[in-house]
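Work through the exercises below with the model open. Each task is followed by a stepwise solution.

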Amino acid sequence: MRIFDFKKCKWDKNYLFAFIIAIICSIICGIVLFKISNLNIYFFNYADKYVYNVFVFNNGALFFPHLLAEVFYLYIFLCIARFTKFKYLTLIFVVIRTVFASAYCAVLFTMCGISGVTVCIIVYLPCLILSLAACFCVSQFHDACDKRYILFAPLILAVLLSLIHLLFINLLFRIIIMLV
C-alpha cells in the first residue's frame, strides 16, 4: 500500500561529493567560457526574452519551456540511475546543465543590467538550485519509489518544480517589484 519505502535507501556520500565537485567545476568553467558566449547573440536574446517575460508575468511563455526542460533532465537522471549500474554518468549531464546555467547567469548579470541581476537572484538561481537538488534526489533515491509509480515520479516532480518556478515569479518577484 505504501508508495515510498525509505528503508532501502542509503546515502552515497561519494556520489554527493562528486555531484558537488561537478557543480563547482562547471560553474568555474561556465564563467571562464563566458567570453565565448558573449560573442553569441543567442544567449543575449534568450536572456532578454526571459527577463521581459518575467517582468511582464507572461506565465505561459515561462511555464512550458521550464516544464519540458525539467521533464527531460529528470527522466535522463532516472533512466541512467535506474537502468544502468553507472550512476556517475549522470554527472556528465550535471556538468552540461550547470555550464550553460552559469554562462546564462553571467549573461543575465552583465548584459541585462539591474533587471537581469534581479531576475537572476530572485527567480533563476533558486529554481536552478531546486532543480539540481531534484535531479540528485531522483538519481539517489529512485529505489524508494514503488515500481508501479516510478515512471510518473519525474513527471510529477517536474510539474511541482515548474509550479514553484511560477510561484517565485508571481509571488516573490511581484512582491519585491511592488516594494521597489
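**Exercise 1.** Determine how H4 and H6 are oriented to each other in this predicted model.

Solution.
- Take the two segments: helix H4 spans residues 59–83 and helix H6 spans residues 113–140.
- Read the geometry. The packing angle is about 25°, and the axes lie 8 Å apart.
- Apply the cut-off: angles under 35 degrees count as roughly parallel. H4 and H6 are therefore roughly parallel to each other.
- Add the handedness. H4 passes H6 in a right-handed crossing.
- List the contact residues. H4 supplies His-66, Glu-70, Tyr-73, Leu-74, Phe-77, Leu-78 and Ala-81. H6 supplies Cys-127, Ser-131, Ala-134, Cys-135, Val-138 and Ser-139.
- Sort the residues of this H4–H6 contact by class: nine are nonpolar, three polar and one charged.

**Exercise 2.** Determine how H5 and H6 are oriented to each other, and describe their contact.

Solution.
- Locate helix H5 at residues 90–111.
- Read the geometry. H5 and H6 pack at an angle of about 165°, with axes 8 Å apart.
- Angles over 145 degrees count as roughly antiparallel. H5 and H6 are therefore roughly antiparallel.
- The crossing of H5 and H6 is left-handed.
- Go through the contact. Residues of H5 in it include Arg-97, Ala-101, Tyr-104, Leu-108 and Met-111. Among those of H6 are Gly-113, Val-117, Cys-120, Ile-121, Leu-128 and Leu-132.
- Sort the residues of the H5–H6 contact: 14 nonpolar, five polar and one charged.

**Exercise 3.** Determine how H3 is oriented to H6, and name the residues that meet.

Solution.
- Helix H3 covers residues 41–56.
- The axes of H3 and H6 come within 10 Å and cross at roughly 70°.
- The range from 65 to 115 degrees counts as roughly perpendicular. That makes H3 roughly perpendicular to H6.
- From H3, the residues are Tyr-50, Val-51, Val-54 and Phe-55. They meet Ser-115, Gly-116, Val-119, Val-123 and Tyr-124 in H6.
- The contact of H3 with H6 has seven nonpolar, two polar and no charged residues.

**Exercise 4.** What is the phi of Phe-57, and where does Phe-57 lie?

Solution.
- Start with the expectation: most residues other than glycine have a negative phi.
- Check the residue. Phe-57 is not a glycine, yet its phi is positive, about 60°.
- Place it: Phe-57 sits in the loop between H3 and H4.

**Exercise 5.** Is Ile-21 buried or exposed?

Solution.
- Find Ile-21 in helix H1, residues 13–32.
- Its relative accessible area is 51%. The cut-off for exposed is over 50%, so Ile-21 is exposed.
- Relate Ile-21 to H6 residue Cys-120. The two are 99 residues apart along the chain, and their C-alpha atoms are separated by 22 Å.

**Exercise 6.** Describe the whole chain: its elements, its compactness and its contacts.

Solution.
- Count the elements. The chain has seven helices and zero strands.
- From the N terminus, the order is α-α-α-α-α-α-α.
- Compare sizes. The radius of gyration is 17 Å, close to the 16 Å that the globule rule gives for 180 residues, so the chain is as compact as a globular protein of that length.
- Along the principal axes, the C-alpha atoms fill a box of roughly 50 × 35 × 25 Å.
- Buried residues make up 42% of the 180 residues.
- Consider contacts between residues at least 6 apart in sequence. Of these, 84% join residues at least 24 apart.

Key. Residues are numbered from 1 along each chain as its sequence is written. This is a predicted model: local features need pLDDT of at least 70, side-chain atom pairs count only at pLDDT 80 or more; totals for chains, interfaces and linings use all residues. Side-chain values use heavy atoms; hydrogens and water are left out. Axes are lines fitted to C-alpha atoms, for helices over the stretch in contact, and angles run from 0 to 180 degrees between N-to-C directions. Helices (H or I, at least four residues) and strands (E, at least two) are DSSP runs, numbered from the N terminus. A crossing is left-handed if the near helix is turned anticlockwise from the far one by less than a right angle, and right-handed if clockwise. Contact means heavy atoms within 4.5 Å. Ala, Val, Leu, Ile, Met, Phe, Trp, Tyr, Cys and Pro count as nonpolar, Asp, Glu, Lys and Arg as charged, and the others, Gly among them, as polar. The radius of gyration is taken over C-alpha atoms; the globule rule is 2.2 Å times the number of residues to the power 0.38. Buried means under 20% relative accessible area, exposed over 50%, partly exposed in between (1.4 Å probe, protein chains only).
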